[in-house]
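Me: I've got a protein model open and I'd like to talk through it bit by bit. Can you help me reason about what's there?

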Amino acid sequence: MNCNNIPDNLFSYAENTLPASERKEFEDHLSSCKNCAEHVTGFLSFESLILKEKSAEPAPFAGTRILQRLESEMERHTYRRRQRLIHLLQPALVAASLIMAMLFGYQIGRQGGMNLQPMSASEQREQLKSDLYIPDFVDEEQNLLSNK
């Protein structure tokens, strides 16, 4: 066996599935070739490390604790995002409501809600008649005086 055959037979050697004659040739080559011996020793140490890690038992409930921690972090992140959104929208809503109130007040004032010119008594009666939809306004004091 030569150095080129060692990598091809490495897994079979580690798993003890190499035929006895080839195994003998493999080990004879390792005893004569220092480079191949180091290569096989490194491979076997990595394989034993992998087997050791495979057999290690994880901490009980570790997965559950990790998932709970992830969920709580996600909830906290979404809560902070909602709070940030509320802090941004609140001043905008207040400003919008103030603008709407100003526009509403302007419309009321424009429609004659604030008539600052003084009206005579007859104009006030006519205005009251039109506001109350009364065709004839009866003055009770005059009726009482005329009946006497």
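**Salt bridges, a helix and a core**

Reply: Sure, and keep in mind that this is a predicted model. Searching the whole structure turns up four salt bridges.

Me: Let's take R23. Which residue does R23 form a salt bridge with?
Reply: Start with the general idea: side chains of opposite charge can pair when their charged atoms come close. For R23, the closest N and O atoms of the pair are 3.7 Å apart, within the 4 Å cut-off. R23 and its partner sit four residues apart in helix α2, so about one helical turn separates them. The partner of R23 is E27.

Me: Is E27 buried, partly exposed or exposed?
Reply: Buried means under 20% relative accessible area and exposed means over 50%. E27 has 35% relative accessibility, so this residue falls in between. That makes E27 partly exposed.

Me: And D28, which residue does D28 form a salt bridge with?
Reply: The closest N and O atoms here are 3.4 Å apart. Both residues are in helix α2, four residues apart, which means about one helical turn lies between them. D28 is partly exposed at 39%, while its partner counts as exposed at 51%. That partner is K24.

Me: Now over to helix α4. How far apart are the closest N and O atoms of R76 and E73?
Reply: R76 and E73 are three residues apart in helix α4 (residues 62–110), so they're separated by about one helical turn. Salt bridges with shared partners also join R69, E73 and R76 into one network. As for the R76–E73 salt bridge, its closest N and O atoms are 2.7 Å apart.

Me: Back to α2. How far apart are its end C-alpha atoms, and what span should its 13 residues have?
Reply: Helix α2 covers residues 20–32, and you count 1.5 Å a residue. The sum uses one less than the number of residues, so the 13 residues should span 18 Å. The end C-alpha atoms agree with that, being 19 Å apart.

Me: Where on α2 do the buried residues fall?
Reply: The buried residues of α2 are F26, H29 and L30. Looking down the helix axis, you'd find them within an arc of 100°. On the other side, A20, K24, S31 and S32 are exposed. So the buried residues line one face of the helix.

Me: Which helices do those buried residues of α2 pack against?
Reply: Take L30 as one of the buried residues of α2. Leaving out residues up to four places away in sequence, L30 touches Y13, C36, A37 and V40. Taken together, the buried residues of α2 pack against α1 (6–14) and α3 (34–55).

Me: What about the largest nonpolar core: which elements give two or more residues to it?
Reply: This core has ten residues, among them I6, L10, F26, L30, C36 and V40. The elements that give two or more residues to the core are α1, α2 and α3.

Me: One last residue, N9. Is N9 buried or exposed?
Reply: N9 lies in helix α1. Not counting residues up to four places away in sequence, N9 touches M1, L18, E22 and F26. Its relative accessibility is 15%, and the cut-off is under 20%, so N9 counts as buried.

Conventions
Residues numbered from 1 in each chain as written. Predicted model: local features only at pLDDT ≥ 70, side-chain atom pairs only at ≥ 80, totals over all residues. Heavy atoms only, no water. Buried < 20%, exposed > 50% of the residue type's maximum accessible area, 1.4 Å probe, protein only. Arc of directions from axis to C-beta. Contact = heavy atoms within 4.5 Å. Salt bridge = Lys/Arg side-chain N within 4 Å of Asp/Glu carboxyl O. Core = buried A, V, L, I, M, F, W, Y, C linked by side-chain atoms within 4.5 Å.
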